Amino acid sequence: MKDCIFCKIAKKEEKAEIIHENDNLIVFKDIKPKAPIHYLIVPKKHIKSINELKEENKGLIGEMVLTAKKIAGKVGIKDSGYKLIFNVGRGGGQIVDHLHLHVLGGWKKSS
Ligand code: 5GP
Ligand code: ZN
């Protein structure tokens, strides 16, 4: 979609620190990380939010979650633990209107 920052990143029209990509998804570092490790898992297809998901998107959501697990392993937070967050709508904290899954982790252990 025109003027969508995540569509532009997916099409390489805007830069991002990409860690993983395939035909369906692109994964890159959040520009303003809210945790020591913060990646965004973004479908290449423009879907506004979880509210716009259809039955046919089941596979895509499954792939997003499985990719989150893969990324967590790759960046070394699989065992220490991490949060996966979908913000939905303005009241849910969503600012970018293109579906994305936050992967947050890397906090120091408190003894
Ligand atoms: P939301 O609040 O919509 O769930 O999260 C959007 C996230 O996208 C925010 O954490 C924000 O820092 C990140 N973000 C916004 N614009 C850009 C950008 O141009 N590049 C990257 N890498 N991240 C962005
Ligand atoms: Zn988009």
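Is D30 buried or exposed? D30 counts as buried, at 12% relative accessibility. The views below come from a predicted model.

**View 1. D30 and K34 form a salt bridge beside ligand 1.**
The side chains of D30 and K34 meet in a salt bridge. The N to O distance is 3.7 Å. The partners differ in cover: D30 is buried, at 12% relative accessibility, whereas K34 is exposed, with a relative accessible area of 57%. D30 counts as buried because its value falls under the 20% limit. K34 counts as exposed because its value is over 50%. Both D30 and K34 are among the closest residues to ligand 1.

**View 2. Ligand 1 sits among 17 residues.**
The protein surrounds ligand 1 with 17 residues. D30, K34, G93, I95 and H100 are the closest. Backbone atoms make polar contacts with the ligand. A backbone N or O atom of K29 lies 2.9 Å from a nitrogen atom of ligand 1. At I95, a backbone N or O atom is 2.7 Å from an oxygen atom of the ligand. V96 places a polar backbone atom 2.8 Å from an oxygen atom of ligand 1. Taken alone, the ligand exposes 520 Å². The protein buries 85% of that area.

**View 3. Four side chains hold the zinc ion (ligand 2).**
Which protein atoms are the donors of the zinc ion? They are C4 (SG), C7 (SG), H46 (ND1) and H98 (ND1). Their distances from the zinc ion run from 2.0 to 2.3 Å. The site is tetrahedral, with angles of 104 to 117° among the four donor atoms. Along the chain, the donor residues follow the spacing C-x2-C-x38-H-x51-H. C4 and H46 link distant parts of the chain, 42 residues apart. C4 belongs to the segment before α1 (5-10). H46 belongs to the loop between β3 (37-43) and α2 (58-74). C4 is buried, at 7% relative accessibility. H46 is partly exposed, with a relative accessible area of 26%.

**View 4. E21 and K44 bridge strand and loop.**
A salt bridge joins the side chains of E21 and K44, with N to O at 2.7 Å. E21 lies in strand β1 (residues 18-21) and K44 in the loop between β3 and α2, so the bridge ties together parts 23 residues apart in sequence. Both partners are partly exposed: E21 has a relative accessible area of 34%, and K44 has 26%. Where does this pair fit among the salt bridges that share partners? Such bridges join K12, E21 and K44 into one network. A search of the whole structure finds seven salt bridges.

**View 5. K2 and D3 pair at exposed positions.**
K2 forms a salt bridge with D3. Their closest N and O atoms are 3.8 Å apart. K2 is exposed, with a relative accessible area of 70%. D3 is also exposed, at 61%.

**View 6. N51 lies in the loop between β3 and α2.**
N51 counts as exposed, at 61% relative accessibility. What separates N51 from L99 in sequence and in space? The two residues are 48 residues apart in sequence. Their C-alpha atoms are 9.5 Å apart in space. The loop that holds N51 also holds the zinc donor H46 and the salt-bridge partner K44.

Note on methods
Residues are numbered from 1 along each chain as its sequence is written. Chains are lettered from A and ligands numbered from 1 in the order in which they are written. This is a predicted model: local features need pLDDT of at least 70, side-chain atom pairs count only at pLDDT 80 or more; totals for chains, interfaces and linings use all residues. Side-chain values use heavy atoms; hydrogens and water are left out. Donors are N, O and S atoms within 2.8 Å of the metal (3.2 Å for Na, K and Ca); water is not among the atoms, so sites may look incomplete. Four donors count as tetrahedral if all angles lie between 85 and 135 degrees; four count as square planar and six as octahedral if opposite donors are over 155 degrees apart and all others between 65 and 115; anything else is irregular. Helices (H or I, at least four residues) and strands (E, at least two) are DSSP runs, numbered from the N terminus. Buried means under 20% relative accessible area, exposed over 50%, partly exposed in between (1.4 Å probe, protein chains only). A residue is near a molecule or strand if one of its heavy atoms lies within 4 Å of it. A polar contact is a pair of N or O atoms within 3.5 Å; within protein, one must be able to donate a hydrogen and the other to accept it, and residues adjacent in sequence count only if both atoms are side-chain atoms. Accessible areas come from the Shrake-Rupley method with a 1.4 Å probe; for residues, only the protein chains shown count as cover. A salt bridge is a side-chain nitrogen of Lys or Arg within 4 Å of a carboxyl oxygen of Asp or Glu.
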